[in-house]
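Here is a short report on some strands and cavities. Please look over the sequence and the structure first.

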Amino acid sequence: MTESSLRVGELRPNQLLHTYGVGAVADMPNLSVMVCGLDEWDPAKTRVVPEERLLAAVRAKLRAPVEALRTPPYVPESADPFGEWTRVGVPVTLFPRWLRCTNPKCGLLAPVETGLFELLPHAFSPDRIRYVHGCRGNGGGRPTAVPARFVLACGNGHLDDFPWLFFAHQGVVPEFGGHTLTLEERSTTGDAASLWVRCSCGVQPRSMAQAIGEKMVPNLPRCRGRHPHLRSAQFTGCGEETRTIGLGATNSWFGMQFKAFTLPQADLEVEQRVAELWTMLERVARFPEADAKGLLPDLRCWPELEQYGVDEVWKAIRRRAERSGDDDQGDDLDLRTPEWNAFTRALPVRLPDFTTEKERPPAEGKRWLEEVVLVTRLRQVSALYGFTRIDAPEWGEDGDDTGFAPISVALPTWVPCAETRGEGIFLRFREEELAAWEQRSDVRGRRRQLREGHDRWRAQRRLEPGHWPGIRYLLLHTFAHALIREFALESGYSAAGIGEQIYSGTGTRPMAGVLLYTAAPDSEGTLGGLVTLGRRDRLGTLIEQALDAARLCSSDPLCSERDPREHGHLYGSACHACLFASETSCERGNHYLDRALLVDTVSDLGIGFLAAR
């Protein structure tokens with residue numbers, strides 16, 4: 001990461017997508033910086049990642065001419081470790097701009113623009129770069145100046161420095177200078193109530209507890225509409241109510257992403273690679289054969305095709321061009337249906353980034369489990385297209401996520417992405433059994449309770465009604481969470497490393513399936529520990545153990561008796577002790593879960609799809 005061409009720290013490429021993406025605040029040991037918008041990134045140091053389905057979805061969501069998915073800037077393995085590549089990084093800007101002197105006898109609080117703080121770079125350790133204040137602390141050295149602990153945010157994704165002068169003077173900005181602020185800690189607890197803002201003008205000191213929480217004194221200014229990551233942009237006032245949040249708070253940045261698996265588009269490996277790289281090869285198909293063969297070795301994507309030879313690649317290009325006009329693209333935002341079709345293909349697939357193997361369902365699941373598919377190799381690409389603050393976005397593809405902060409000033413022509421490779425297990429439920437269960441009167445009654453909780457939750461947040469995923473989705477989602485916990489005990493992967501994809505749908509083209517997978521950014525993917533659990537001799541026992549564990553929660557009867565209608569919950573019988581998973585595992589943020597739909601609980605008997613009969 002770079003600030004004013006000065007290297008200030010290091011982040012892994014995947015962190016720039018999932019944790020410290022555009023608009024997020026990254027905490028260094030002595031600095032706090034924000035990752036700038038894409039307008040300031042150098043795409044020359046990135047790599048184009050081919051994934052046409054995902055690219056089409058991003059275009060449709062942003063309604064922008066997005067031309068490519070690109071990795072964050074990276075350093076090639078062959079690069080000179082002491083050359084120009086050492087300066088490769090993403091641009092960042094100092095945020096917040098207000099700093100505080102750590103000398104307890106000083107405690108000066110001021111913006112960096114005042115010139116009261118000096119930046120001390122470090123030639124060999126970027127993490128040790130810091131600001132210092134001119135006062136002399138213990139030992140006579142200049143004390144470090146650290147970022148102010150609080151910032152201001154609003155629900156529209158804006159972020160701003162906390163209005164320290166405004167707050168210290170009871171909601172009035174002083175007209176004249178001569179006001180020096182200090183931040184005092186009156187106890188060692190570290191909470192907001194122990195922090196007091198004092199001004200040299202003699203106004204009554206104020207506790208930071210008055211600026212935080214639902215009982216805060218209502219004299220914070222309205223939002224100014226600032227996006228610090230878009231430094232070149234001019235913004236008009238937002239006008240929304242603001243909220244004080246702590247620096248580094250988990251609700252200061254929620255990345256919004258699309259994720260897609262690489263799917264088979266051809267039976268031959270060379271044709272599959274051509275299909276994946278088609279956006280770069282489509283123009284070559286318009287040239288005569290001799291000219292096209294001469295151009296192929298000069299293309300940026302040629303290293304990925306060279307192993308097949310010019311002649312075979314050209315034949316694959318021609319075959320692709322002949323049938324490209326017949327391809328039915330469908331809904332660009334529908335990423336699940338093509339994946340469902342790929343996992344439920346009659347014949348197994350063997351391609352470098354998508355390899356499947358059919359496995360007989362275990363005897364324990366014969367009644368309800370139609371198919372087990374072992375996905376021994378898969379590739380997933382994630383693309384960041386926006387973010388929110390304060391409240392997490394609506395989880396899932398059908399969520400109302402129109403209100404998100406931009407990642408560039410102008411409409412982006414590319415978006416950052418990350419690719420991972422791994423393995424998974426796909427379980428397909430029997431449609432006739434599931435459809436019959438959905439029509440039962442007791443299941444319909446439980447559905448009404450959960451739907452009312454869903455409607456109340458949306459009404460409390462002033463969201464438009466609808467977007468109910470259906471009782472089928474809740475069942476499949478609950479089953480996936482129960483199985484993730486059991487797999488984590490047996491596979492060697494942590495529960496946070498096992499993800500889920502739920503395939504749920506009704507109507508003329510119903511879907512009912514669950515994919516549990518693990519993936520890593522390494523080019524070789526994972527080691528096969530998850531796929532082995534899908535073998536017939538192991539899967540049945542693991543499912544029975546998962547169901548048995550889900551029947552009783554250590555928080556029962558409170559957990560099993562929870563009524564989602566009372567407080568507007570998006571889940572029924574579910575909590576951290578029985579079903580909740582980590583943020584990296586769950587595609588819905590631990591919403592839409594209910595043990596009563598899956599098994600018998602101490603409060604609900606006979607409703608569950610897999611309840612004892």
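Strand S14 (residues 181-185) pairs with S15 in the antiparallel sense, over five bridges. The model is predicted. Within this pairing, Glu184 has Trp196 of S15 as its bridge partner.

S15 also pairs with strand S16 (residues 206-207), again in the antiparallel sense, over two bridges. Here Val197 is matched with Arg206 in S16. The hairpin of S15 and S16 has six residues between the strands. In that hairpin, Gly202 takes a positive phi near 95°.

Now the side chains. In a regular strand they alternate between the two faces of the sheet. Strand S15 (residues 195-199) shows such alternation. Leu195, Val197 and Cys199 point to one face and are buried. Trp196 and Arg198 point to the other face and are not buried. Trp196 is the residue that stands as bridge partner to Glu184. Val197, the partner of Arg206, belongs to the buried face.

Next, an open sheet. Three strands form this sheet in the order S13-S12-S17, with antiparallel pairing. Its edge strands are S13 (159-161) and S17 (243-246), and each pairs on one side only. Neighbouring strands of the sheet are turned by 40° against each other on average, direction ignored. Strand S12 (residues 150-153) pairs with S13 over three bridges in the antiparallel sense. Val151 stands opposite Asp161 in S13.

Where is empty space left? Rolling a probe the size of a water molecule over the atoms shows this. The count comes to two cavities of 30 Å³ or more. The table gives both.

| Cavity | Volume | Lining by class |
|---|---|---|
| Largest | about 40 Å³ | six nonpolar, three polar, no charged residues |
| Second largest | about 30 Å³ | seven nonpolar, two polar, no charged residues |

Which residues line the largest cavity? They are Val25, Phe95, Val151, Leu159, Ile245, Gly246, Leu247, Gly248 and Ser252. Val151, which stands opposite Asp161 in S13, is thus named again in this lining.

The second largest cavity has another set of residues around it. Its lining consists of Leu450, His454, Trp468, Leu474, Pro564, His569, Leu570, Tyr571 and Tyr592. By class, this lining has no charged residues.

Definitions and conventions: Residues numbered from 1 in each chain as written. Predicted model: local features only at pLDDT ≥ 70, side-chain atom pairs only at ≥ 80, totals over all residues. Heavy atoms only, no water. 1 Å grid on protein atoms, 1.4 Å probe; cavity = no way out; pocket = protein on both sides within 12 Å on 5 of 7 lines; lining within 4 Å. Points joined across faces, edges and corners; volume = space filled by probe spheres on them. Nonpolar A, V, L, I, M, F, W, Y, C, P; charged D, E, K, R; others polar. Pairing = 2+ DSSP bridges. Helix = DSSP H or I, 4+ residues; strand = E, 2+ residues; numbered from the N terminus. Axes fitted to C-alpha atoms, helices over the stretch in contact; angles between N-to-C directions. Buried < 20%, exposed > 50% of the residue type's maximum accessible area, 1.4 Å probe, protein only.
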